[in-house]
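The exercises below are to be worked with the sequence and the coordinates at hand. Each task is followed by a stepwise solution.

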Amino acid sequence: MPGPDDALKPPRSAADDEAFKRELVQLIPHLRAFARTLCGEPAAADDLAQDAMMKAWDARNSFQMGTNMKAWTFMILRNQFYSEKRRSWRQSQLDQEAAERTLVAVDDPEAPVALDELRQGLSMLPAEQREALILVGAGGFAYEEAAEICNCAVGTVKSRVSRARRALHAILEGGAYDRDGRSAGDAMRSILADAERLSTLR
Amino acid sequence: MGVRADGNFAEGGALSGDEEQSRGRVPRERGPEDMIEQRSIDERRKTSAALDEARLRQQAIGVRLRQMFDEVVNEQIPDEFLDILRRADKRSSENG
C-alpha cells in the first residue's frame, strides 16, 4: 500500500519495474483463484483479479522487493473485494447461481459433483471462515501470512480455520443442506472417493 | 491422547452407555485399576478409530479444496490480464 513517504524514496529503475512485473505476472493465476473463491462468479472474479493486479502495479513503489509479494497482492485483492462488495456483490445472492455456473469441466465425470458440493459447502460458511480456510488450506499460506492478509491476529486465523474445517465437514457429512433431492452424505462419499483416487495418482 | 479426546468424538451416547454398564457392575476380584485399564483400552481403540476417520475425512476435504483452487491456478491466464499490464507498463514508461 502506498505510504506517506513514498515521495522520499529514490525513483525506481526500469529494471525494478521489469522484475516487479515478472513476479506479478506469475501471481496472476493465484490471484484469479483467490478471487474466484471470494466472489464465485468467474467473470466477476476476473474483474476483481484485474483490479487487484492494477492496484498492485500502481503501488509497486511501495512494495519492498524480496518480501512476500504473494501475500501483499492477496491483501490488495481482499481489500478490493470488500470495498467493492459494499457496492454490488452480495455474496449471499451470488452463491447459489455461482455454484451452478462455476462447474469446472474436468475429465473425470464424477469429479464435478464433489467440486460442486464443496463449493456449496464453502458458500455456507461465514465469509471470514471461508477466506481463512482457503488461504491456509488451499493457498498455501502460513497462519502468520493469512493473518496479515486478513488484517487480524494469528490466533484468530487459527480458530477460524479450525471452525471452518469442522463446519465444512459437518455440512458435507451431515446433510445440512440438500439439493436435487440428493442426500448430502453423497457429497462426502464422493469427496472421499476422489481424494483416494488423487492420492494414488500422486 | 486417546482418553482425553473422547469427549470430542463420542456420539450418540455409545460411550456413556459403556460407562453406565461399568458403573453398574458388581465389584469383582480384580481391582478397580484393572477395570479402568480395560475400559481405557477399549475407549482408546474406539477413539483412535474415530480420530482416524475424522482425520481421513478432513484430509479428503483438504485435498479437494486444494484441487478446487489449483484448477483455477492451472487455467491459462486470459490475454486481458497481460494486455492491461502491458498497457499500464507502457503508460508509466512514457510518463516516466
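**Exercise 1.** Decide whether B:F81 is buried or exposed, and find its contacts.

Solution. The model is a predicted one.
- Step 1: count the other C-beta atoms within 10 Å of B:F81; there are 20.
- Step 2: apply the cut-off, by which a residue with 20 or more such atoms is buried. B:F81 is therefore buried.
- Step 3: place the residue in its element. B:F81 belongs to helix α4 of chain B, which spans residues 79-95.
- Step 4: set aside the neighbours within four places in sequence. B:F81 is then in contact with A:I28, A:Q50 and A:M53.

**Exercise 2.** Describe the side of chain A that touches chain B: how many residues, from which elements, and of what classes?

Solution.
- Step 1: count the residues on each side. Chain A gives 34 residues to the contact and chain B gives 26.
- Step 2: list the elements of chain A that supply two or more residues. They are α1 (14-39), α2 (42-58), α5 (111-123), α6 (127-137), α8 (154-174) and α9 (185-201).
- Step 3: find the largest share. It belongs to α1(A), with ten residues.
- Step 4: sort this side of chain A by class, which gives 21 nonpolar, seven polar and six charged residues.

**Exercise 3.** Summarise the secondary structure and burial of chain A.

Solution.
- Step 1: count the elements. Chain A has nine helices and zero strands, so read from the N terminus its elements run α-α-α-α-α-α-α-α-α.
- Step 2: take the buried fraction, which is 37% of the 202 residues.
- Step 3: take the contacts in chain A between residues at least 6 apart in sequence; 62% of them join residues at least 24 apart.

**Exercise 4.** Characterise the packing of α1(A) against α2(A).

Solution.
- Step 1: obtain the geometry. The axes are 8 Å apart, and the helices pack at an angle of about 135°.
- Step 2: classify the angle. With that value, α1(A) is oblique to α2(A).
- Step 3: assign the hand. The crossing of α1(A) past α2(A) is right-handed.
- Step 4: identify the residues. From α1(A) they include A:L24, A:I28 and A:L31, and from α2(A) they include A:A49, A:M53 and A:W57.
- Step 5: sort the contact by class. It has 15 nonpolar, no polar and three charged residues.

**Exercise 5.** Do the same for α6(A) and α8(A), and state how many residues of α6(A) are buried.

Solution.
- Step 1: the axes of α6(A) and α8(A) come within 8 Å and cross at roughly 95°. Therefore α6(A) is roughly perpendicular to α8(A).
- Step 2: among the residues that meet are A:L133 and A:V136 in α6(A), and A:V161 and A:A164 in α8(A).
- Step 3: the contact divides into seven nonpolar, two polar and five charged residues.
- Step 4: α6(A) is mostly covered, with nine of its eleven residues buried. A:R130, A:L133 and A:V136 are among these.

**Exercise 6.** Where in chain A is the pLDDT low?

Solution.
- Step 1: the mean pLDDT of chain A is 79, and 67% of its residues reach 70 or more.
- Step 2: among the elements of chain A, helix α4 (residues 91-101) has the lowest mean pLDDT, 48, and helix α7 (residues 143-150) the highest, 96.
- Step 3: the pLDDT is below 50 over residues 99-113 of chain A, a stretch with 19 contacts in the model beyond near neighbours in sequence.
- Step 4: residues 176-181 of chain A also have pLDDT below 50, with eleven contacts beyond near neighbours in sequence.

Terms used. Residues numbered from 1 in each chain as written. Chains lettered and ligands numbered in written order. Predicted model: local features only at pLDDT ≥ 70, side-chain atom pairs only at ≥ 80, totals over all residues. Helix = DSSP H or I, 4+ residues; strand = E, 2+ residues; numbered from the N terminus. Buried ≥ 20, exposed ≤ 12 C-beta atoms within 10 Å, placed from the backbone. Contact = placed C-beta atoms within 7 Å. Nonpolar A, V, L, I, M, F, W, Y, C, P; charged D, E, K, R; others polar. Axes fitted to C-alpha atoms, helices over the stretch in contact; angles between N-to-C directions. Parallel < 35°, antiparallel > 145°, perpendicular 65-115°, else oblique. Left-handed = near helix turned anticlockwise from the far one by under 90°. pLDDT = per-residue confidence, 0-100.
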